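The following exercises are to be worked through with the model in view. Each task is followed by a solution in steps.

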Amino acid sequence: MVARKFQVRHNDYDFVVDYDTDDGFEVFKFQLFSLTSVPPDEQKIICAHDDRVVAEDSDLISISEKLRLVSINDEVQEQRLSKSISNSARNDAELLVSDEELARMLQAEEEALLLQQYVAAEDNGEFEQRIRPYIAQVSKYEDPVSQEAARKTVPVDELEEKALVSLAKEGNFKPSKIEQDHAFLLQLLSWFKQSFRWVNAPPCDGCGNETMNNGMGSPLSSEIQFGASRVELFRCKFCSRITRFPRYNDPLKLVETRRGRCGEWANCFTLYCRAFGYESRLILDFTDHVWTECFSQFLGRWMHLDPCEGVYDKPLLYENGWNKKLNYAIAIAKDGVYDVTKRYTRKWHEVLTRRNITSEPALSAVLTTLTQECRRGFSSQVLSELDGRDKKEREALESDIYSTDDASISLPGRQSGDEEWRKLRLEFGSDSLSCSSCPVRKCIDEHVTRIYNAFHPVLSHFVKEEHSKFKVIELLENLKGIFMDVKNSPFKKRKASVDSMLYGTQAFAELLSSLSLETKVNPDGRVDICLAGDPVKTSLALPVVLDALDDMVHSIEKCDSFGEDSLSFPFLKLNRMHSGSVLASGEELPLGIATSAFDGTRTFKWEEPNGAKGGWIIYKVTDNKMHELVAYELMSANDAPERDPKDWVVEGSNDGGSSWHLLDKQTSQTFERRFQRRSFKITSSGLLFSVFRFRFLAVRDVQSTSRLQVGSIDLYERSGQENGRENGTWLQISLQRKVLGILVLILVLSVFFLLD
């Protein structure tokens with residue numbers, strides 16, 4: 001451990017920050033964020049002595065103690081450096097390779113191009129022959145009948161809701177159409193991943209048991225009709241029956257069969273993208289893979305989407321995750337054919353050595369010819385717009401190959417396909433997309449606190465009515481059924497009917513309000529529950545209330561009886577902290593991010609891919625307010641008990657994270673079931689902090705996993721009423737002391753005058 005104290009100057013203010021190498025550079029940046037409100041990903045830390053930029057732990061060990069903090073948003077970010085490769089420009093705001101490395105890469109490219117003249121084959125039409133069939137295939141995506149058939153299979157309302165909820169979780173409750181379209185595309189990708197089936201070997205058509213490969217067969221006319229020029233045969237391991245697996249190329253047929261390998265997946269998914277109006281391309285990788293690109297208006301560029309993997313906007317997935325030795329990645333669209341290989345590599349000089357089908361000039365000429373054919377009949381205005389976009393894309397591709405990828409992002413190996421098959425292809429790698437240098441994330445969870453607080457009057461009503469334990473369970477189960485009816489109704493028109501006397505009480509009205517719902521009385525006397533505000537807020541809240549009801553029922557079932565004594569923690573979860581900022585030692589993307597620990601639902605979890613032997617998560621209270629932590633809860637996640645936390649400490653800081661005070665320490669803890677909540681009270685009362693840190697030291701079984709996962713974390717502060725009583729007591733004592741002082745003064749003066 002190395003500990004140092006730094007004096008950091010920002011906007012004419014000086015801040016003193018303690019640094020500990022055990023915490024790491026990211027925690028140091030989070031401390032600066034707590035003090036200055038400059039997010040870590042916008043910080044530029046400079047040594048005041050020699051203007052050296054601080055970029056890693058080792059820098060903080062060797063430099064002087066005086067630093068300057070600058071927000072990169074306040075600097076000029078559009079500085080350009082020119083380099084001699086196709087007259088392209090590189091942007092200084094990007095992470096760029098060093099000048100020495102760039103020079104080496106340029107030299108290697110020149111050598112590869114020179115060698116290509118000798119090893120590349122004459123342009124004998126081989127390249128064009130491989131591309132042309134895909135041009136005809138892509139043209140089928142424009143068929144209105146196919147597009148309509150595809151749209152009918154999609155649960156559009158469900159995906160729209162999920163898209164809006166995903167934006168709301170980022171704090172965006174009023175997104176633009178461009179933002180909604182982008183979010184919907186990502187939900188479409190997720191839905192397709194879950195609804196399409198990967199085929200290693202199809203089940204037996206006769207008995208449904210496993211089959212094994214039995215060679216190739218001749219296609220039937222009914223199969224050729226839908227582009228199945230190849231048919232694989234599989235023999236059943238039990239009944240020996242032969243099952244046919246036609247490799248259909250017709251996207252409309254694939255909408256019906258919904259199965260295949262990467263060719264079928266990308267073919268069908270690209271049709272779905274076109275069916276919903278996204279400009280789309282089919283990407284043909286000559287090293288045997290296929291995926292999709294869509295033009296994102298939100299990003300202002302083409303975006304990579306792999307339906308087989310469910311991964312988006314990670315173009316280096318194949319080179320870095322799968323360890324593919326790429327050569328050609330060709331994009332085929334209705335308006336042209338493009339070489340987009342440079343988007344998918346940061347080793348262009350190596351890729352060039354493998355591009356030996358034809359020379360680069362010959363390749364460019366073939367693509368130009370094919371594109372001109374695709375654009376035949378286009379208006380001059382459309383051609384002009386396409387030319388402008390092509391130019392921007394070429395510049396972006398040239399810039400891409402000289403930028404460095406984010407080293408904190410770990411890309412997974414191939415997940416689709418049989419494990420042995422992936423190993424044979426040398427595409428087997430890590431099993432998750434993860435980040436070891438997380439951004440600071442904002443918790444959008446005020447609704448969780450409101451729901452927890454709203455259960456207090458409901459349960460108090462049950463106590464007042466002197467309901468038995470079993471009656472309370474029955475009422476809570478009824479409540480759950482009603483909210484399930486609301487959840488299962490169309491999200492823009494939520495509605496359910498109730499007729500119980502409880503639902504006319506003020507307690508129930510408060511619970512509905514926390515869900516952005518209200519009641520309306522029908523002429524027949526029945527009561528309808530319907531929306532009272534933004535439907536997205538209700539969509540966010542319903543999973544929370546349903547999970548909370550499950551927890552309550554489970555807790556009451558374990559109680560001997562239900563009464564006034566039940567209205568306390570952990571049964572009641574009052575004064576939960578919310579809306580803070582979170583930073584973690586690592587996270588899994590996109591579903592295991594740090595804020596998933598604070599969303600109040602069982603659906604998501606925080607997962608630290610390398611946290612089995614140590615991981616941490618920091619919670620910074622909003623507006624730097626000081627709070628007394630009196631209790632906290634941890635919930636186990638949905639699976640893999642070996643990843644549950646076993647040993648941990650909880651700490652608080654009142655100086656932005658420079659120093660930490662131990663609040664609680666737990667060892668050898670176990671979670672007996674999935675989604676189990678464990679509650680812990682803080683004994684050191686009276687201490688106020690604005691930042692809290694959980695340091696997880698070990699998981700349940702360190703030997704069998706490298707991962708740490710937590711279903712949820714909830715922090716509870718001392719209630720406002722208790723603070724009010726303490727303040728009131730203090731004021732009363734203070735007033736009593738003042739009155740006593742005045743009486744003493746009067747007595748002294750009286751004695752003085754009497755003596756005089």
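Two strands are taken to pair if DSSP finds at least two bridges between them. The model to which this is applied here is a predicted one.

**Exercise 1. The order of a sheet**

Task: Determine in which order the six strands of the open sheet stand, and which strands are at the edges.

Solution.
Step 1. The order of this open sheet is E16-E15-E14-E13-E17-E18, and the pairing is antiparallel.
Step 2. Strand E16 (311-312) and strand E18 (336-339) each have a single partner strand, so they stand at the edges, and one side of each is left without a neighbour in the sheet.
Step 3. At the E16 edge, the antiparallel pairing with strand E15 (residues 301-306) extends over two bridges. Two bridges satisfy the cut-off of at least two.
Step 4. Within this pairing, leucine 305 has tyrosine 312 of E16 as its bridge partner.

**Exercise 2. Helices on the sheet**

Task: State which strands are touched by helix H7, and which strands helix H10 lies across.

Solution.
Step 1. Helix H7 (residues 177-195) packs on the sheet and touches strand E14 (289-296), E15 and E16. The direction of H7 makes about 20° with that of E15.
Step 2. Helix H10 (residues 262-275) lies across strand E13 (280-285), E14 and E15. The angle at which H10 runs to E14 is about 15°.

**Exercise 3. Unusual backbone geometry**

Task: Locate the cis peptide bonds that precede proline 570 and proline 590, and describe the positive phi values of serine 240 and aspartate 623.

Solution.
Step 1. Most residues other than glycine have a negative phi, and most peptide bonds are trans.
Step 2. The bond from phenylalanine 569 to proline 570 is cis, with omega near 10°. Proline 570 belongs to the loop between helix H19 (535-558) and strand E25 (581-584).
Step 3. The bond from leucine 589 to proline 590 is likewise cis, with omega near -5°. Proline 590 is placed in the loop between strand E26 (587-588) and strand E27 (606-608).
Step 4. Serine 240, which is not a glycine, has a positive phi of about 65°. Its loop runs between strand E10 (231-236) and strand E11 (242-246). With a relative accessible area of 42%, serine 240 is partly exposed.
Step 5. Aspartate 623, also not a glycine, has a positive phi of about 60°. The loop holding aspartate 623 is between strand E28 (615-620) and strand E29 (629-635). The relative accessible area of aspartate 623 is 61%, so this residue is exposed, the cut-off being over 50%.

Conventions. Residues numbered from 1 in each chain as written. Predicted model: local features only at pLDDT ≥ 70, side-chain atom pairs only at ≥ 80, totals over all residues. Heavy atoms only, no water. Helix = DSSP H or I, 4+ residues; strand = E, 2+ residues; numbered from the N terminus. Contact = heavy atoms within 4.5 Å. Axes fitted to C-alpha atoms, helices over the stretch in contact; angles between N-to-C directions. Buried < 20%, exposed > 50% of the residue type's maximum accessible area, 1.4 Å probe, protein only.
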